[in-house]
Amino acid sequence: MTTTGEDRPDARTGAASAFNVELNGLNTIHESERRGKPRDLFWPWFGANVSVFGLSYGSFLLGFGISFWQATIVGVVGIVASFLLCGVISLAGKRGSAPTMVLSRAMFGVEGNRVPSFLSWLLTVGWETVLVSLAALATATVFQQLGWEGGLVTKLVALVVVVALVIVGGVIGFHLIMRMQMVITIVTGVLTILYILLVLGHIDLGAVAALPAGDTPHVIGGFVFMLTGFGLGWVNAAADYSRYLPRSSRSGAVVGWTTFGSSLAPVILLLFGILLAGSSSKLSQAIGADPIGALASLLPTWFLVPFVIVAVLGLVGGAVLDIYSSGLALLSVGVRVPRYVAAGIDGVIMTAGAIYVVLFATDFIGPFQGFLITLGVPIAAWCGIFVADTQLRRRDYAEAELYDRNGRYGSVRWLPIALIVIGTAIGWGLVTNTYADWLSWQGYLLGPIGGKQGDWAFANLGVLVALVIGYLGTLLFSRAAVRRQEQR
């Protein structure tokens, strides 16, 4: 296979300036561009996850019918465990100097990897659409509370501003994103602390303590939702930023800073969100329709404008990382355009999806949960495969051969594709989706444990089962193949 353009394994096309368009695409990062330290990973990951949207997960989690302590335990464990998966996958970036969905070729083959690349593209485009939509909805709600026009015009203007920030960041690329995330981290971190201080008086510890405990299926359902809502939404992009680190970077530090940077803000925001939602059933219900806008209803008027700033910046921080990685995933599928053009294409799709959500959808949390669980199953299977493969490897990747279908990684490796298919088939059979009529076919394997209306119907066991199938299947059956790759 002759590699050209975006597939050149050793292309030196990156831009050192934050305001020059990055030309690096699927190519490996040249040694001259690999700099920094593992702690630098804190900024993009913290900035992408510090959004006040994290407060809304308190309401989402209590919606599973569990108590404060149950929600706290499964929330914290789910967030940290899911981002630990990102930390492990980020090691591959240091080892292979290439985007996550290029490194995935070592498992699936150069051509076979188009399958998980397409899944990755769907997930990241979906997430960036969700985040941009939330920013527009939140802006309109806050404007209404200020007594200003909060209707169609406000929503459209908010969409234009947010979309512009996200697309500019995604198109220009890595260096601008790193600077944007540092600014977003500082601004949103300070304003989020102020928000928490201002709404402390709305917490009713008596009401929170009186929340009834849920049974095991409800607890597991909440745990799986935390996995899919946080780290499993990022695993397919985890190596996109660590690929710029020097090879000499300590592996433990790469995993640690990725996990810490990703988890810190969500854990704090979730705990406070549980306290808020547990104090008021009315607030909890309002969050389901407009997650961030509902949180603004608790604020004094003078802080509403700063709240819009913190809400929008936090969401932009996540969406920028998503559009950058979705562009890379689109290239991995086989679209032959420069990286910045791919990011622009995804920006157009994101804009169209956000317009639908903001102007026509009547509910947010229903479609959102349906989206997370449905795509969460095959992504969980892929994640299990990637994590296990990373554990099995003792040497760095043969970078040039990640672009050669005739090289050691081959064209198509059928075992991992089979694991995704099996994991998805079983996984979809063990989840339910009442959030959209077109997903009602899921849950076809739940009969022996109570059916689609039984206690286990909403535990979403399929996500965990798919993760385990991918992980154990790779550990048990790919060890010899990995050793052969490393011996060539």
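Gly 173 takes a positive phi of about 105° just after helix α7. This value comes from a predicted model. Helix α7 itself covers residues 152–172, a run of 21 residues. From its first C-alpha to its last, α7 reaches 30 Å. That is close to the 30 Å expected at 1.5 Å a residue. The buried residues of α7 begin with Thr 154, Ala 158 and Leu 159. Val 162, Val 163 and Val 166 are also among them. The list ends with Gly 169, Gly 170, Val 171 and Ile 172.

Helix α3 spans residues 68–96. Its end C-alpha atoms are 43 Å apart. At 1.5 Å a residue, its 29 residues should span 42 Å, so the two values agree. Of these 29 residues, 22 are buried. Helix α3 is therefore largely enclosed by the rest of the structure.

Positive phi values also occur outside glycine. Most residues other than glycine have a negative phi. Ser 97, which follows α3, has a positive phi near 60°. Ser 97 lies in the loop that leads from α3 to α4 (100–103). Its relative accessibility is 0%, so Ser 97 counts as buried; the cut-off for burial is under 20%. Asn 460 is another non-glycine residue with a positive phi, here about 55°. Asn 460 sits in the loop between α18 (414–429) and α19 (461–477). With a relative accessible area of 5%, Asn 460 is buried.

Helix packing was examined for α6 and α15. Helix α6 comprises residues 114–145, and helix α15 comprises residues 304–333. The two pack with their axes 8 Å apart. The angle between them is about 165°. Helix α6 is therefore roughly antiparallel to α15, as angles over 145 degrees count as roughly antiparallel. The crossing of α6 past α15 is left-handed.

Model confidence was considered last. The protein averages a pLDDT of 86, and 92% of the residues score at least 70. Over residues 1–6, however, the pLDDT is below 50. Beyond near neighbours in sequence, this stretch has 19 contacts in the model. Residues 10–17 also stay under 50 in pLDDT. For residues 10–17, the model has 22 contacts beyond four places in sequence.

Key: Residues are numbered from 1 along each chain as its sequence is written. This is a predicted model: local features need pLDDT of at least 70, side-chain atom pairs count only at pLDDT 80 or more; totals for chains, interfaces and linings use all residues. Side-chain values use heavy atoms; hydrogens and water are left out. Helices (H or I, at least four residues) and strands (E, at least two) are DSSP runs, numbered from the N terminus. Buried means under 20% relative accessible area, exposed over 50%, partly exposed in between (1.4 Å probe, protein chains only). The expected span of a helix is 1.5 Å times one less than its number of residues. pLDDT is the predictor's confidence in each residue, from 0 to 100. Contact means heavy atoms within 4.5 Å. Axes are lines fitted to C-alpha atoms, for helices over the stretch in contact, and angles run from 0 to 180 degrees between N-to-C directions. Angles under 35 degrees count as roughly parallel, over 145 as roughly antiparallel, 65 to 115 as roughly perpendicular and the rest as oblique. A crossing is left-handed if the near helix is turned anticlockwise from the far one by less than a right angle, and right-handed if clockwise.
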